[in-house]
There are 2 protein chains.
Amino acid sequence: MVTKEELIRRKEKLQLKLREHGMDGALLVQHMSMFYLSGTMQCQYVYIPAEGDALGLVRRNMARAREEAGIALVQMGGFSGLPDTLAEHGFRLESLGLELDVLPAAIYLRLSQIFPNVKLMDCSIAAREIRQVKSPYELEQFKGAARQVDALHRQIPVLLYDGKKELALAAECEAILRTLGHQGSARMRGFNQEMYFGHLLSGREGAYSSFLDSPTGGAGVSSAAPQGAGHRSIRTGEPVTVDYGGIYNGYIIDQTRLYSLGSLPESLTRAFEAALAVQDSVVALLKPGITGGEIFSAAVSAANKAGLSEHFMGVADTQAKYVGHGVGLEFDEFPILAKGSPHILEENMVVAIEPKFTFPGLGVVGLENTWHITAAKAEKISITDDRHVIL
Amino acid sequence: MVTKEELIRRKEKLQLKLREHGMDGALLVQHMSMFYLSGTMQCQYVYIPAEGDALGLVRRNMARAREEAGIALVQMGGFSGLPDTLAEHGFRLESLGLELDVLPAAIYLRLSQIFPNVKLMDCSIAAREIRQVKSPYELEQFKGAARQVDALHRQIPVLLYDGKKELALAAECEAILRTLGHQGSARMRGFNQEMYFGHLLSGREGAYSSFLDSPTGGAGVSSAAPQGAGHRSIRTGEPVTVDYGGIYNGYIIDQTRLYSLGSLPESLTRAFEAALAVQDSVVALLKPGITGGEIFSAAVSAANKAGLSEHFMGVADTQAKYVGHGVGLEFDEFPILAKGSPHILEENMVVAIEPKFTFPGLGVVGLENTWHITAAKAEKISITDDRHVIL
């Protein structure tokens with residue numbers, strides 16, 4: 001459980017930004033934004049005034065909201081009663097922040113009608129920025145997620161054999177994680193983005209990219225679910241990448257490890273060594289003050305140095321222009337370590353670094369770890385050995 | 001694969017509605033809307049003119065879009081190039097339909113700027129309505145999903161024993177479905193709604209409701225994932241409901257079955273019989289011409305007749321006011337068989353009917369089947385026997 005004191009600190013981070021941007025308050029609408037600020041997923045909206053206490057507006061489920069929430073709650077009546085409810089709680093507003101990156105247009109237009117004299121503003125960036133820097137409580141959750149995914153990796157060697165169906169291996173890995181308390185699907189904030197456990201890929205299909213802006217994709221089970229594990233059989237001499245996150249109390253650790261039955265073609269083995277080198281180059285720079293764009297440039301330089309820039313993070317027009325990203329309650333959190341990203345690293349941010357190399361016809365190799373940025377350096381949260389496991 | 005002919009029929013259904021509502025075209029944005037109309041999930045937008053051919057605008061991944069799509073495709077440049085791209089393809093528009101129920105407000109506001117002289121209208125209802133009536137191809141997919149979930153149910157008896165962790169049983173069931181080709185998470189269209197495989201619930205926690213507007217909820221693994229299976233152990237004499245859908249080529253069949261180790265308390269056994277009676281009453285009415293509201297009323301009457309109205313579809317303020325819903329590519333499709341629903345049943349709609357009774361402290365009992373509405377009657381797509389399985 002998140003303490004009330006922590007919820008107050010989170011709220012104060014947002015309030016600072018609201019006052020900075022001249023918003024009288026913000027109506028949070030997205031489920032992870034609301035969970036972050038209230039401690040429960042049972043709210044319909046969470047109102048944060050620029051000064052004062054948070055208020056959770058609950059449609060359902062009030063009983064669970066009362067058990068879990070660390071903020072004041074009120075039963076949400078009809079939608080049109082919102083202005084009165086806020087007024088009754090002493091909130092006067094001339095401007096209101098909304099998460100326009102996720103709020104459906106129909107609700108936005110409805111809010112414009114019921115708040116005719118209120119200036120509606122966009123607080124999405126603020127809502128995402130406050131979640132970048134993690135608390136000691138949150139850092140503990142990542143450790144739980146790291147233990148979970150490490151327990152999975154210790155079992156993979158006994159699950160993998162020549163002829164194993166990719167989907168069967170995926171099913172077994174997912175069952176192991178679930179039994180350890182994984183919630184199932186991981187969350188993404190981006191519109192139309194979705195992620196199941198992650199990408200478990202093998203052989204040539206590991207080089208398939210997808211609709212997702214990611215270095216990997218995979219065939220998936222059908223054109224209706226076109227990413228991740230598919231129907232192929234895993235063969236000796238093929239790369240098998242297990243990019244499955246652990247999730248503990250909602251917090252995601254992102255991690256990828258490489259396996260193969262027997263050795264891999266020389267080009268892939270060299271590329272995996274290059275991925276380790278890219279990771280080293282990047283991690284040496286993961287300190288407060290550097291930008292996401294600078295991190296990405298360093299990664300590209302390291303890939304160039306290995307002569308593998310054309311294979312880095314995908315190929316041709318599907319190359320992903322990032323080498324890492326923040327993780328937390330969602331896979332696509334800030335900061336983004338991408339081409340030109342202005343995000344500046346700060347102490348206690350948590351980022352996943354995922355150097356990967358794609359070889360059409362052969363597959364993908366690489367690794368991924370999640371890192372805690374401290375004042376002095378980056379500490380690895382992932383506890384599984386980085387090495388390519390040859391079975 | 002969906003044939004081009006079927007994609008044309010789907011498009012024509014939407015075009016009829018666009019002309020009815022005076023829209024020159026619609027820009028579909030939601031991934032399942034786009035998949036339905038293009039055959040691929042690789043489009044960024046799908047444009048459907050009121051008359052003429054569909055056009056898929058692809059950001060990534062063009063290679064896969066070309067393999068899968070049954071409509072014309074064009075590479076999507078920057079967002080602001082959209083009007084020019086449409087003009088180049090001969091589309092002139094004064095009004096444009098958008099799915100305002102899902103389109104993020106930020107994208108809506110951006111579209112308002114880049115289409116300053118175009119009247120932006122809401123086509124969400126039309127986009128959902130065209131998917132209600134299923135094609136022969138789609139009806140075949142539901143059969144695949146029914147076989148998948150039936151294979152799961154044939155294995156549950158050997159997985160269940162006194163002391164079994166609910167989450168471990170869930171993990172095993174999920175692995176069985178995945179190995180059979182299930183895509184993992186099921187999709188929901190509603191904002192902030194989410195569904196993993198479904199609800200596998202046991203004992204008193206089966207009576208927990210959640211944020212989801214559903215007759216069941218469950219504890220879930222944490223307050224960050226507060227629905228579905230949790231950490232409790234299943235005991236003799238407790239109801240175990242397995243409400244896991246099958247998903248085949250994207251199409252969901254919704255199905256619930258009741259299990260127990262040994263017999264259940266008399267009140268629950270009676271309630272399960274009542275659920276069968278409610279199902280019978282409802283199914284007798286599932287014919288073209290009846291409204292969703294009439295179906296719901298009939299279900300409530302049948303529950304009243306059994307003296308169980310206070311337990312029907314949840315209790316107190318968390319009672320769900322529906323008895324069924326359309327299924328297809330998403331769990332929350334039209335028609336909705338809810339209190340006052342004006343949706344009129346038509347031939348070849350597919351609906352899930354889920355009479356359930358909740359007993360706080362004891363759990364939930366009931367069943368769910370998915371039905372194909374033909375001209376004369378409702379045909380059961382689910383193939384698993386309805387009975388309460390006592391082990």
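Two strands pair if DSSP finds at least two bridges between them. Helices (H or I, at least four residues) and strands (E, at least two) are themselves DSSP runs, numbered from the N terminus. Before we start, note that this is a predicted model, where local features need pLDDT of at least 70, side-chain atom pairs count only at pLDDT 80 or more, and totals for chains, interfaces and linings use all residues. Residues are numbered from 1 along each chain as its sequence is written, chains are lettered from A and ligands numbered from 1 in the order in which they are written, and side-chain values use heavy atoms, with hydrogens and water left out.

**Exercise 1. A hairpin in chain A**

Work out how strand 12 and strand 13 of chain A are joined.

*Step 1.* Find the two strands: strand 12 covers residues 322–326 of chain A, and strand 13 of chain A runs antiparallel to it, with four bridges joining them.

*Step 2.* Pick one facing pair. His325(A) sits opposite Ile336(A) of strand 13.

*Step 3.* Look at the connection: six residues lie between the two strands, and together the strands form a hairpin.

*Step 4.* Now check the covering, taking buried as under 20% relative accessible area, exposed as over 50% and partly exposed as in between (1.4 Å probe, protein chains only). In strand 13 of chain A (residues 333–338), five of the six residues are buried.

**Exercise 2. Over to chain B**

Describe strand 12 and strand 13 of chain B, and explain why strand 13 counts as largely enclosed.

*Step 1.* Strand 12 (residues 322–326) and strand 13 of chain B are antiparallel and share four bridges.

*Step 2.* Gly324(B) faces Leu337(B) of strand 13, and a hairpin of six residues links the two strands.

*Step 3.* Strand 13 of chain B is largely enclosed by the rest of the structure because five of its six residues are buried.

*Step 4.* Carry on past strand 13 of chain B and you meet Pro342(B), in the loop that leads to strand 14 (350–353). Pro342(B) is exposed, at 62% relative accessible area. Its C-alpha atom is 32 Å from that of Arg387(B), which lies 45 residues away along the chain.

**Exercise 3. An open sheet**

Which strands sit at the edges of the four-stranded open sheet in chain B?

*Step 1.* Write down the order: 7-8-11-19, with mixed pairing.

*Step 2.* Strand 7 (198–202) and strand 19 (389–390) of chain B are the edge strands, as each pairs on one side only.

*Step 3.* Zoom in on one pairing. Strand 11 (residues 256–260) and strand 19 of chain B run parallel and are joined by two bridges; Ser260(B) has Ile390(B) as its bridge partner.

**Exercise 4. Helix 2 of chain B**

How many residues of helix 2 of chain B are buried, and what is found at its ends?

*Step 1.* Count along residues 31–38: eight of the eight are buried, so helix 2 of chain B is largely enclosed by the rest of the structure. Among them are Met32(B), Phe35(B) and Tyr36(B).

*Step 2.* At the N-terminal end, Gln30(B) is the cap, with a side-chain oxygen 3.0 Å from the backbone nitrogen of Met32(B).

*Step 3.* Just after the helix, Gly39(B) has a positive phi of about 90°.

**Exercise 5. Two copies together**

Work out how chain A and chain B are related, and what lies between them.

*Step 1.* Superpose the copies by least squares on the C-alpha atoms of residues with pLDDT of at least 70 in both. A rotation of 180° with 0.0 Å of shift along its axis puts chain A on chain B (RMSD 0.0 Å). The two copies are therefore related as by a two-fold rotation axis.

*Step 2.* Contact means heavy atoms within 4.5 Å. Each copy uses the same surface, as 100% of chain A's contact residues recur in chain B. The contact takes 63 residues from chain A and 63 residues from chain B.

*Step 3.* Look for salt bridges (a side-chain nitrogen of Lys or Arg within 4 Å of a carboxyl oxygen of Asp or Glu). There are six across the interface of chain A and chain B. Glu174(B) and Arg178(A) form a salt bridge through their side chains (2.8 Å, N to O).

*Step 4.* Finally, find the main contributor: helix 8 of chain A gives eight residues, the largest share of the side of chain A that touches chain B.

Notes. Polar contact = N/O pair within 3.5 Å; in protein donor to acceptor, adjacent residues only side chain to side chain.
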